[in-house]
Amino acid sequence: MKLLFLNGVNLNLTGRREKGVYGAETLDDINAQIRSYVNARGAECEFYQSNIEGEICAKLHATDADGVILNAGAFTHYSYAIRDAIAGISVPVVEVHMSNVHAREEFRHTSVLSEVCRGCILGFGKNSYILAAESFLL
Ligand code: DQA
């Protein structure tokens, strides 16, 4: 079992931006913890982050993973391109958010991705990624 953890726009700033919302650990710190957890559960993982919508689409098209854990960041709320990329591949995608987007600004309440994802995990900080991984590992 191989899982792809795919992070979109601004997620590279995790640990430096809005620490009260996203925490003080960097994406590299979080990814190292995810790798330990997933490997201990007997699976492999790959990490990719891009601020460019088309690169996220291209990574989805090319993935050889068994499952994708996707935090698309703000792309979540308006990217029909990423939505179509998810719909166009046979690999299941779980949508993830560190924050509870429904407890935040109105524009974050809409996801154009949820409908084409297997499920969504949100509001558990960095553990949202682990909980989403568990949906494939259980
Ligand atoms: C986010 C929530 C999005 O609304 C926001 O644009 C992000 C991060 C989250 O992980 O909580 O960049 O996806």
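In this predicted model, strand 1 and strand 3 run parallel and are joined by six bridges. V9 stands opposite G73 of strand 3. Strand 1 also pairs with strand 2, again in the parallel sense and over six bridges. Here K2 has E44 of strand 2 as its bridge partner. Eight of the eight residues of strand 1 are buried, so the strand is largely enclosed by the rest of the structure.

The loop between strand 1 and helix 1 (19-22) holds two residues with positive phi. N10 lies in this loop, and its phi is near 75 degrees. E18 lies in the loop between strand 1 and helix 1 as well, with phi near 35 degrees. Neither value comes from a glycine. Most residues other than glycine have a negative phi. N10 has a relative accessibility of 32% and counts as partly exposed. E18 is also partly exposed, at 42%.

Helix 2 covers residues 27-40. At 1.5 Å a residue, its 14 residues should span 20 Å, and the end C-alpha atoms are 20 Å apart, which agrees. L27, I30, N31, I34 and V38 are the buried residues of this helix. They cover an arc of only 95 degrees around the axis, which puts them on the same side of helix 2. D28, S36 and A40 are exposed on the other side. The cover over the buried residues includes strand 1 (2-9), strand 2 (44-49) and helix 5 (127-137). Just after the helix, G42 takes a positive phi of about 85 degrees.

UniProt, in an unreviewed entry, places the feature "active site" at Y22 and H97. The two span 76 residues in sequence, yet their C-alpha atoms are no more than 9.6 Å apart, so they gather at one spot. Both Y22 and H97 belong to the lining of the largest pocket. Y22 lies in helix 1. With a relative accessible area of 12%, Y22 falls under the 20% limit and is therefore buried. Beyond four places in sequence, Y22 touches T14, R17, M98, S99, R104 and R108. H97 lies in strand 4. H97 is buried too, at 6% relative accessibility. Its contacts, leaving aside neighbours within four places in sequence, are N71, T76, I121, L122, G123, F124 and S128.

For "binding site", the unreviewed UniProt entry lists N71, H77, D84, M98, S99 and R108. These positions span 38 residues in sequence, and the farthest two C-alpha atoms are 24.2 Å apart, so they do not all gather at one spot. From this set, N71, H77, M98, S99 and R108 take part in the lining of the largest pocket. The contacts of Y22 include three of the listed positions, namely M98, S99 and R108. H97 is in contact with N71.

N71 is found in strand 3 (residues 67-73). N71 counts as buried, at 4% relative accessibility. Outside four places in sequence, N71 is in contact with L6, N7, G8, L11, V96, H97, M98 and Y129. Among these, L6, N7 and G8 fall within strand 1 (2-9). N71 thus connects one annotated set to the other through its contact with H97, and M98 is a partner from its own set. M98 sits in the loop between strand 4 (93-97) and strand 5 (119-122). Its relative accessible area is 4%, and M98 is buried. Not counting residues up to four places away in sequence, M98 touches L11, T14, Y22, I30, N71, G123, F124, G125, K126, S128 and Y129. One of these, I30, is a buried residue of helix 2.

S128 is found in helix 5. S128 counts as buried, at 0% relative accessibility. Beyond four places in sequence, S128 touches V96, H97, M98, I121, L122 and G123. Its partners include H97, from the "active site" feature, and M98, from the "binding site" list.

Notes. Residues are numbered from 1 along each chain as its sequence is written. This is a predicted model: local features need pLDDT of at least 70, side-chain atom pairs count only at pLDDT 80 or more; totals for chains, interfaces and linings use all residues. Side-chain values use heavy atoms; hydrogens and water are left out. UniProt positions are given in the numbering used here, feature names are shortened, and annotations may be inferred rather than shown by experiment. On a 1 Å grid over the protein atoms alone, a cavity is a set of points where a 1.4 Å probe fits but cannot get out, and a pocket is an open set with protein on both sides within 12 Å along at least five of seven lines; lining residues have an atom within 4 Å of a point. Helices (H or I, at least four residues) and strands (E, at least two) are DSSP runs, numbered from the N terminus. Buried means under 20% relative accessible area, exposed over 50%, partly exposed in between (1.4 Å probe, protein chains only). Contact means heavy atoms within 4.5 Å. The expected span of a helix is 1.5 Å times one less than its number of residues. The arc is that of the directions from the helix axis to the C-beta atoms. Two strands pair if DSSP finds at least two bridges between them.
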